[in-house]
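Here is a short tour of a protein model, written for someone who likes to keep the structure open while reading. Have your viewer ready and follow along.

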Amino acid sequence: MTQDLASMASIATELKYTPVDTIPAIASGVRNAFNSHKTKPIEFRLMQLRKLYWGIKDNEAAIVQACKKDLGKGEFETYLAEIDWCTNDIVFVTQNLEKWAKDEKAPDIPLANKLLSPRIRKDPLGAVLIIGTYNFPINLSMTPLVGAIAAGCTAVLKPSESAPTVAKVLQHIIETSVDASCYTVVQGAIPETSALLEEKWDKIFYTGSAHVAKIIAKKAAETLTPMTLELGGRNPAIVTKNANVRLAAKRLLWGKIMNAGYIVNAVPRA
């Protein structure tokens with residue numbers, strides 16, 4: 001409760017952007033942490049995930065307050081689509097991580113190679129850059145971070161500057177819960193994001209518009225950096241003549257008003 005009150009007090013202050021000239025050192029720090037193999041043991045990953053879980057739980061009130069301030073999002077929606085989504089994701093990952101990380105037998109091996117007993121080994125990829133979005137500022141920032149931690153990677157999170165209060169809460173949670181040498185936050189807008197893209201990453205995760213995604217993809221292509229791009233777009237719905245019109249209307253309306261329509265299953269108006 002004390003930590004929650006402290007974080008609620010901290011979000012009243014103005015969001016401070018990370019100095020651009022410090023970003024190369026931040027990126028180098030998480031790369032060095034990965035190269036030290038600190039994040040490779042399963043036990044370390046599970047510990048970080050559990051700490052992140054309690055970091056979110058301990059700051060629930062601050063998250064609700066921040067989402068209300070930045071987005072006008074109600075408490076029920078914040079718990080449904082932000083807090084509970086992330087905590088349930090962490091629980092699911094921690095319950096299955098050891099099984100997922102085990103070596104697997106390679107399928108369909110030619111007879112000439114069977115004596116070698118080849119295995120599929122799941123090794124961590126490296127340092128990850130996560131660029132969050134504003135419409136689900138906790139969910140679409142934390143869930144990629146959960147994946148990065150579970151995979152044994154280090155990560156830098158750049159929250160959306162369009163949800164500044166939430167960005168401060170995210171920074172507070174990460175700085176007070178997980179290993180600071182492996183996982184950190186960079187705050188900022190276009191200059192800071194551009195500086196991050198100048199660094200070499202082993203994976204980039206971006207959620208947002210197709211326009212910005214093209215800029216990120218072009219920059220990532222220079223170093224053949226793999227990406228995951230979760231982009232907005234159209235979501236048409238077809239109601240057939242045999243459909244239950246009342247039920248269809250109810251479901252379409254849910255998708256339209258959920259998160260004030262800022263969600264991929266919000267059907268566009270005709």
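Glu-198 is exposed, with a relative accessibility of 55%. In this predicted model, the side chain of Glu-198 forms a salt bridge with that of Lys-219, at 2.9 Å from N to O. Lys-219 is partly exposed, at 22% relative accessible area. Lys-219 belongs to helix H10, while Glu-198 sits in the loop between helix H9 (190–197) and E6, so the pair ties together parts that are 21 residues apart in sequence. Glu-222 takes part as well: salt bridges with shared partners join Glu-198, Lys-219 and Glu-222 into one network.

The structure holds 10 salt bridges. Three of the pairs are listed here, with the N to O separation for each.

| Salt bridge | N to O separation |
|---|---|
| Asp-179 and Lys-38 | 2.7 Å |
| Lys-219 and Glu-198 | 2.9 Å |
| Glu-104 and Lys-122 | 3.0 Å |

Let us take the other two pairs in turn. Asp-179 is found in the loop between H8 and E5, and Lys-38 in the loop between helix H2 (23–35) and H3, so this salt bridge ties together parts that are 141 residues apart in sequence. Is Asp-179 buried or exposed? With a relative accessible area of 17%, Asp-179 is buried, because buried means under 20%. Its partner Lys-38 counts as partly exposed, at 35% relative accessibility.

The pair of Glu-104 and Lys-122 also links distant parts of the chain: Glu-104 is in strand E1 (residues 104–105) and Lys-122 in the loop between strand E2 (119–120) and E3, 18 residues apart. Glu-104 is partly exposed, at 40% relative accessible area, and Lys-122 is partly exposed too, at 31%.

Now for the strands. How many residues of strand E6 are buried? In E6 (residues 203–208), 5 of the 6 residues are buried, which leaves the strand mostly covered. Strand E6 pairs with E3 (residues 127–131) through 4 bridges, and the two run parallel. Within that pairing, Tyr-206 of E6 stands opposite Ile-131. Strand E6 also pairs with E7 (residues 227–231), again in parallel, through 5 bridges. Here Thr-207 has Glu-230 in E7 as its bridge partner. To get from E6 to E7, the chain passes through helix H10 (residues 210–221), and this β-α-β crossover is right-handed. H10 is also the helix that carries Lys-219.

Finally, the nonpolar interior. In soluble globular proteins, nonpolar side chains tend to be buried together. The largest nonpolar core here has 41 residues, and Leu-52, Ile-56, Met-142 and Leu-145 are those with the most contacts inside it. The elements giving two or more residues to this core are helices H3 (42–58), H4 (60–71), H5 (75–101), H7 (139–150) and H8 (164–177), together with strands E3, E4 (154–158) and E5 (183–185). Which helix gives the most to this core? That is H3, with 7 residues.

Met-142 is a good residue to click on. Leaving aside residues up to four places away in sequence, Met-142 touches Leu-52, Ile-56, Cys-86, Leu-170, Ile-173 and Ile-174. Apart from this core lies another, of 17 residues, including Leu-197, Ala-213, Ile-216 and Ala-220.

Terms used: Residues numbered from 1 in each chain as written. Predicted model: local features only at pLDDT ≥ 70, side-chain atom pairs only at ≥ 80, totals over all residues. Heavy atoms only, no water. Buried < 20%, exposed > 50% of the residue type's maximum accessible area, 1.4 Å probe, protein only. Pairing = 2+ DSSP bridges. Right-handed = clockwise from strand over helix to strand, strands pointing away. Core = buried A, V, L, I, M, F, W, Y, C linked by side-chain atoms within 4.5 Å. Contact = heavy atoms within 4.5 Å. Salt bridge = Lys/Arg side-chain N within 4 Å of Asp/Glu carboxyl O.
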